[in-house]
Amino acid sequence: MDMLRDLIAHMQLDQLFLGLQSLQWQQIVMLAVGGLLIYLGVVKKYEPLLLTPVGFGAILANIPLSSAIGEHGWLTLLEHVGIATELFPVLIFIALGAMSDFTPMLASPMTMLFGASAQLGIFATMVVATLIGFDLREAASIGIIGTADGPTTIYVSSRLAKHLLGPLTVCAYTYMSLVPIIQPPIIRALTTSHERKIRMSYTPTPISRTTMILFPIAMTIIAGLVAPLSVALIGALMFGNLLREAGVLERLAKAAQNELSNLVTLVLGITVGSTMEAEVFLNWKTLGILALGISAFSFSTAGGVIFIKFLNLFRREKINPILGAAGVSAFPMSARVVAQMAQKEDPTNYLIMHAVGANVAGIIASVMVAGLLLAVIR
């Protein structure tokens, strides 16, 4: 009996239920947000590979006194090692390059214009953000959300607005995951049923293997000479693509497409979610970023669609304007959404190859814009 009393005396019973005692309403809200993200990923299947880890990371970060974050927390360590150092975005771009087939874009060079036009949201949102009180560096970091590209957003914001890195990253990845919800209403509002039914033949110019190998090398050099600060991302993207196209690096290409992609997506998602702490996330500045982020993505989608409608004023052979929405760099979500919308209007209308061309062009365009912003904004 004495031994039992001594044991109880030495136990720190006051530590039990300390989390419950410290729970605040803001943390309850963020726990619910984390649960919602998991629901959207698992039940609604909205990009589950992204939303599920992000949602769980948010839950881990908002349990009071959580040992997963803080000075000795493993999620904080991952944030310092992978996000603050820009390592995760670079690794993601290597994997993305290994998964990207630039043949549709090279076979139909006009799709490069679709990718460029879909960057409108970046600049439109920068203007709005500066007008409502954000400084230029913050406005550029918010605007880059319009690319619907999480790694690029991390890369830019870690250099221009590190104090906003968490909300910006979460915003970019959330909207990237919600492409199937956000884009269709915008496309329908800007196009008629007749326009969405426009059929386009796909008769690509044959692209030689030599061209496919030289393209990533030449693209890296050209982009580096124009905007040296874009080399980290464009170089990683093109290196991954070179692994794919070389023909003698199949093991490395598959490793980048599978093991590297899966591992980095897993740790990046849960690390991004861990930045969603209540005290950081629930304030007017963050809510403003969320609103500006969705406007940036919406402007980019609209910009691509309107650009093609403008081109059609001067063309006898019309282009289906919904392809402009695929110019954002949310690959391959935007291409899939656009192709599915075309088939809903006409089940025999196959636009997937055109949409993929615009989508991969958008990846390159977004990285180039990011490099230019980093070069001109100090």
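This report describes the overall fold, the confidence and several individual residues of a predicted protein model.

## Overall architecture

The protein is built from 21 helices and contains zero strands. Its C-alpha trace extends over about 95 × 45 × 45 Å along the principal axes. For a chain of 378 residues, a compact globule would be expected to have a radius of gyration near 21 Å, and the protein, at 23 Å, agrees with that expectation.

Contacts between residues 24 or more positions apart make up 77% of those with a separation of 6 or more. Buried residues account for 53% of the 378 residues.

## Surface and charge

The accessible surface of the protein amounts to about 17400 Å², and carbon and sulfur atoms contribute 68% of that area. There are 22 positive and 20 negative charges, and the mean positions of these two sets lie 14 Å apart.

## Confidence of the prediction

The mean pLDDT of the protein is 87, with 95% of the residues reaching 70 or more. Confidence is lowest in helix α1, which covers residues 2-10 and has a mean of 57, while the highest value, 93, belongs to helix α16, residues 231-245.

## Two residues with positive phi

Most residues other than glycine have a negative phi. Against that background, two loop residues deserve a separate description. L65, although not a glycine, has a positive phi of about 60°, and its place is in the loop between α4 (48-62) and α5 (74-83). With a relative accessible area of 62%, which is over the 50% cut-off, L65 is exposed.

E86 is not a glycine either, and its phi is positive at about 70°. This residue lies in the loop between α5 and α6, the latter helix covering residues 87-99. E86 has a relative accessibility of 13% and therefore counts as buried, the limit being under 20%.

## Q119, a buried loop residue

Q119 is located in the loop that joins α8 (111-117) and α9 (120-131), and its relative accessibility of 2% places it among the buried residues. When residues up to four places away in sequence are left out, Q119 touches T147, S300, G327, G362, A365, S366 and V369.

## Q257 and F281, two helix residues

Q257 belongs to helix α17, which covers residues 250-274. At 23% relative accessibility, Q257 counts as partly exposed, because this value falls between the 20% and 50% cut-offs. Apart from residues up to four places away in sequence, Q257 touches A98, M99 and R244. The C-alpha atom of Q257 is also separated by 9.7 Å from that of I92, although these two residues are 165 residues apart along the chain.

F281 is found in helix α18, residues 278-281, and is buried, with a relative accessible area of 8%. With residues up to four places away in sequence again excluded, F281 touches M30, P167, V170, M276, T286 and L290. For one of these partners, M30, the C-alpha separation from F281 is 8.4 Å, while the two residues are 251 residues apart along the chain.

Methods:
Residues are numbered from 1 along each chain as its sequence is written. This is a predicted model: local features need pLDDT of at least 70, side-chain atom pairs count only at pLDDT 80 or more; totals for chains, interfaces and linings use all residues. Side-chain values use heavy atoms; hydrogens and water are left out. Helices (H or I, at least four residues) and strands (E, at least two) are DSSP runs, numbered from the N terminus. The radius of gyration is taken over C-alpha atoms; the globule rule is 2.2 Å times the number of residues to the power 0.38. Buried means under 20% relative accessible area, exposed over 50%, partly exposed in between (1.4 Å probe, protein chains only). Contact means heavy atoms within 4.5 Å. Accessible areas come from the Shrake-Rupley method with a 1.4 Å probe; for residues, only the protein chains shown count as cover. Lys and Arg count as positive and Asp and Glu as negative; His and the chain ends are not counted. The place of a charge is taken as NZ of Lys, CZ of Arg, CG of Asp or CD of Glu. pLDDT is the predictor's confidence in each residue, from 0 to 100.
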